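Colleague: I am new to this one. Please show me the model, then take me through one part of it closely.

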Amino acid sequence: CMDEAGVDGALIVQPINHMFDHSLVTSVLKKYPSKFIGCCLANPADDGSGIKQLEHLIVQEKYRAVRFNPNLWPSGQKMTNEVGRSLFAKAGELGAPVGIMVMKGISTYIQEIEELCTDYPKTTVIFDHMAFCKPPMNIEEEKAFTSFLELSRFPQIYVKYSALFRISREAYPYEDTSQLLSRVISSYGANRIMWGSDFPFVVPECGYKGAKEAISHVAGKIPVSSSDLEWILGKTVTQLFQGAWVSA
């Protein structure tokens with residue numbers, strides 16, 4: 001799929017269906033070291049065992065990032081609990097960005113994210129899938145999207161313009177996301193935005209190649225400058241993960 005789409009390298013995020021068994025992704029990272037880098041999945045277990053797991057995956061297995069999925073925290077617990085803070089701080093210490101997957105929307109987690117970013121400014125954050133913000137259609141949705149844009153005041157926060165089929169209200173090529181992209185570029189700057197496909201889920205939606213082509217199509221509607229598009233389609237992510245995607 002990558003060859004067909006003209007994509008040279010990718011960040012693979014540990015699939016949720018494998019939970020904390022990283023053996024498949026680890027084997028792929030070892031097999032294709034110049035093609036892929038890995039993002040592991042944070043284990044927020046109460047006993048704190050996930051902190052050692054994180055350190056092992058980053059230091060020994062060479063993962064470059066870690067995903068926080070708030071739905072995996074024990075019932076009633078927040079990402080700002082003791083374990084969450086330790087994981088977040090450890091990621092920053094190891095130079096691994098934290099990808100945050102807010103499937104229930106940004107509003108639920110805004111205070112936790114602000115707290116973590118304020119207390120641990122050395123930890124880089126990446127919002128998956130534009131923080132699941134769809135083009136706002138009411139006051140509540142506009143308020144949520146505005147709060148997401150206001151997080152750009154933290155210079156360590158980056159945004160994935162990814163999984164367009166999840167954040168659009170339209171069919172391919174998801175033109176309505178142009179208003180989202182335009183406002184995110186205005187707030188964050190293109191050098192803090194990166195395209196992502198959401199493979200393999202994107203394949204039955206529009207295909208991997210189609211997902212990449214949609215970015216250029218939507219960008220043309222705003223329009224986005226060619227230099228900004230370069231940042232979104234590769235420069236941002238290669239700058240964030242320096243030394244990745246080089247020949248072994």
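How many positive and negative side chains does the protein chain have, and how far apart do the centres of the two sets lie? After that, please take a close look at Leu54 and its place in helix H3.

Modeller: A word of caution to begin: this is a predicted model. Charges come next. The protein chain has 24 positive side chains and 27 negative ones. The centres of these two sets lie 3 Å apart.

Now the setting for Leu54. The protein chain holds ten helices and seven strands. Its C-alpha trace spans about 50 × 45 × 30 Å along the principal axes. A compact globule of 248 residues would have a radius of gyration near 18 Å, and the protein chain agrees with that at 17 Å. Of the 248 residues, 53% are buried. About 11800 Å² of the protein chain is exposed, and carbon and sulfur atoms supply 51% of that area.

Leu54 itself sits in helix H3, which covers residues 49-59. Its relative accessibility is 3%, so Leu54 counts as buried; the cut-off for buried is under 20%.

What does Leu54 touch? Set aside its neighbours within four places in sequence, and Leu54 is in contact with Cys40, Val66, Leu87, Lys90 and Ala91. Ala65 offers a distance to go with this: eleven residues from Leu54 along the chain, its C-alpha atom is 9.6 Å from that of Leu54.

Contacts across the whole protein chain round off the picture. Among those between residues at least 6 apart in sequence, 79% join residues at least 24 apart.

Methods: Residues are numbered from 1 along each chain as its sequence is written. This is a predicted model: local features need pLDDT of at least 70, side-chain atom pairs count only at pLDDT 80 or more; totals for chains, interfaces and linings use all residues. Side-chain values use heavy atoms; hydrogens and water are left out. Helices (H or I, at least four residues) and strands (E, at least two) are DSSP runs, numbered from the N terminus. Buried means under 20% relative accessible area, exposed over 50%, partly exposed in between (1.4 Å probe, protein chains only). Contact means heavy atoms within 4.5 Å. The radius of gyration is taken over C-alpha atoms; the globule rule is 2.2 Å times the number of residues to the power 0.38. Accessible areas come from the Shrake-Rupley method with a 1.4 Å probe; for residues, only the protein chains shown count as cover. Lys and Arg count as positive and Asp and Glu as negative; His and the chain ends are not counted. The place of a charge is taken as NZ of Lys, CZ of Arg, CG of Asp or CD of Glu.
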